[in-house]
Amino acid sequence: MKNNNTILIIEDEDILRITLTDELEDFGFKVYSVDNSEEALKIIENKHIDAVVTDYQLNDKLNGIEILDYIKKYDKSIAVILMTAFGTVNNAVDAMKKGADDYLTKPFEPDELIMVLKRVVKIGQLEKENIQLKERLTNQYSIKNLISESSQMQELAKKIAIIAPSDEIILITGETGTGKNRLATTIHEISNRNRKPFVEISCASLSSQLLESELFGHEKGSFTGATKSKKGKFELAAGGTLFLDEVDDIPLDLQVKILRFIQEKEFERVGGSASIKVDVRIVAATKKNLLGLVKEKLFREDLYYRLNVIPFVLPPLRERKEDIPLLVNKFLSDSCPTCDVVELDPNVMDVFINYSWPGNIRELKHIVKRLVLIGQCQRITLDMIPSELLSENSKLCFDLQENMNYNLIMSNIEKELLINALQKANGNKSKAADLLNIKLSTFRDKLSKHNLQ
């Protein structure tokens, strides 16, 4: 019988120590055995130990209780079992109160010790797994790619912490700019595959032949320009994660080959006949409704259900506005790493929160970077804000500040009003003027003023 557990025996009676060592090794444990505390502590500090079996009475510097105290301070996950003579049972009970996991009264059969070890080691493993899960949940927002206070993202992070360590296929759905790539990277980073490659490929705008070669590789001479053999993304991601972005753009004929890989974990290179097996976890992403594409016969139904094992939906930024201040501060720091603080006028944050962000997080990041450059890493004021952001902020209350450029702010708002009026009037200037309740001549003058002719 084999197991992965390592036991340390501390016993100064040679016959008992040798007997227990032999019995535990026969059962399948890896065993270290010593007759003194000094050697025992060296092993504990330098080896992975699951459980320690120590005599209560040792003719040594430390007794069993003192060794117990040391172990529980050093690593609480190590189980400790005390062996005690009949006359010291009360001391063993006291040791249980101090953290010992169990005790055995001498003399005992080796089978009794094995039963106790199996139990305490199993409990220790469960406790370790529980601690690891709690750490994942506790640290979910220390993950650099998931910065959020919104309830939607917090629930998503909990789901990630539970699912990421598995090998299940994940399908991420979200609008452009919501962070699908970053989420895929995060899943890989906290998975059990994080020491292996994370390989990504965008399936958009590639011909069927080129995409097949990129995914599965090709043999020399398999097509014009194939001057040498090449590994594809599946081979390069062996043992790790393959991120298929824009999976909705995969041609139907190639979808069959991806489905086969999911089912059989093997493929052939373009122009090759040898089957290649690789262990790869797939994370796919799309900005489209894949089920809708299935109904339109533009995406294979069987592949859809194979990919949609664990669905993650990334909400657009307009549905998680409480995250905007966090993201803005992060992007400010990233855009000007040499500055301690980039000052932001309060009204600028109001504009950010009230804007709908059609480009989502990506748009916010680019806007912040642009403003940092304009403000030269010092101060971002309202007059620096692009006009398209101001058009959705007509209800803002502007606090009076020394550095506000009132004329520029009002000019931007007026320009947006003219544009919106023209859009609603389908370009008809007379109707647009009526919407704004001004004369047509006045409307034309304002168009000329803002170069909107």
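Let us start in the middle of a sheet, where strand β8 (residues 241-245) and strand β11 (residues 281-286) run parallel, joined by 4 bridges. If you would like one pair of residues to fix your eye on, take L242, whose bridge partner in β11 is I282. Keep in mind as you look around that this is a predicted model.

From that pair of strands you can widen the view to the sheet they belong to. β8 and β11 sit within an open sheet of 5 strands, ordered β7-β8-β11-β6-β12, and the pairing is parallel. Its edges are formed by β7 (198-202) and β12 (310-313), each of which pairs on one side only. Going from one strand to its neighbour in this sheet, the average turn is 20 degrees, with direction ignored.

Now move towards the start of the chain, to another open sheet. Here 5 strands follow the order β2-β1-β3-β4-β5, again with parallel pairing. Which strands stand at the edges? They are β2 (30-34) and β5 (102-105); each has a single partner strand, so one side of each is left without a neighbour in the sheet. Neighbouring strands of this sheet are turned against each other by 20 degrees on average, once direction is ignored.

Inside this sheet, strand β3 (residues 51-55) and strand β4 (residues 79-84) are a good place to pause. The two run parallel and are joined by 5 bridges. One residue to pick out is D55, which has M83 as its bridge partner in β4.

A helix comes next. Helix α1 (residues 14-27) lies across β1 (6-10), β2 and β4. Relative to β2, the helix runs at about 170 degrees.

Two further helices make a nice pair to follow. The axes of helix α2 (residues 37-46) and helix α3 (residues 64-74) come within 12 Å and cross at roughly 15 degrees. Angles under 35 degrees count as roughly parallel, and α2 and α3 are therefore roughly parallel to each other. Their crossing is right-handed. On the α2 side, the residues in contact are S37, L41, I44 and E45, and they meet I67, Y70, I71 and Y74 of α3. Sorted by class, this contact of α2 with α3 has 6 nonpolar residues, 1 polar and 1 charged.

Two of those α3 residues deserve a second look. The model has 11 aromatic pairs by the ring-centre rule. Among them is the pair of Y70 and Y74, which is stacked, with 6.0 Å centre to centre and 10 degrees between the planes. How are these two tyrosines placed along the helix? Y70 and Y74 are 4 residues apart in helix α3, which means that about one helical turn separates them.

Before going further along the chain, it is worth visiting two backbone details. Most residues other than glycine have a negative phi, and most peptide bonds are trans. Against that background, K106 and P107 are joined by a cis peptide bond, with omega at about -5 degrees. You will find P107 in the loop between β5 and α5 (110-138). The other detail is K265, which is not a glycine and yet has a positive phi of about 60 degrees. K265 is located in the loop between α10 (252-264) and β9 (266-267).

Further on, helix α13 (residues 324-335) meets helix α15 (residues 360-374): their axes come within 9 Å and cross at roughly 50 degrees. That angle makes α13 oblique to α15. The crossing of the two helices is right-handed. From α13 the contact draws on L327, V328, F331, L332 and S335, while α15 supplies I361, L364, K365, V368, K369 and V372. These residues divide into 8 nonpolar, 1 polar and 2 charged.

The last stop is another meeting of helices. The axes of helix α18 (residues 429-436) and helix α19 (residues 440-449) come within 9 Å, crossing at roughly 100 degrees. How does α18 lie relative to α19, roughly parallel or roughly perpendicular? The angle makes α18 roughly perpendicular to α19. K429, S430, A432, A433 and L436 of α18 meet L440, F443 and L447 of α19, and the residues of this contact divide into 6 nonpolar, 1 polar and 1 charged.

Technical notes
Residues numbered from 1 in each chain as written. Predicted model: local features only at pLDDT ≥ 70, side-chain atom pairs only at ≥ 80, totals over all residues. Heavy atoms only, no water. Axes fitted to C-alpha atoms, helices over the stretch in contact; angles between N-to-C directions. Parallel < 35°, antiparallel > 145°, perpendicular 65-115°, else oblique. Left-handed = near helix turned anticlockwise from the far one by under 90°. Contact = heavy atoms within 4.5 Å. Nonpolar A, V, L, I, M, F, W, Y, C, P; charged D, E, K, R; others polar. Pairing = 2+ DSSP bridges. Phe/Tyr/Trp six-rings, centres within 6.5 Å; stacked < 30°, edge-to-face > 60°.
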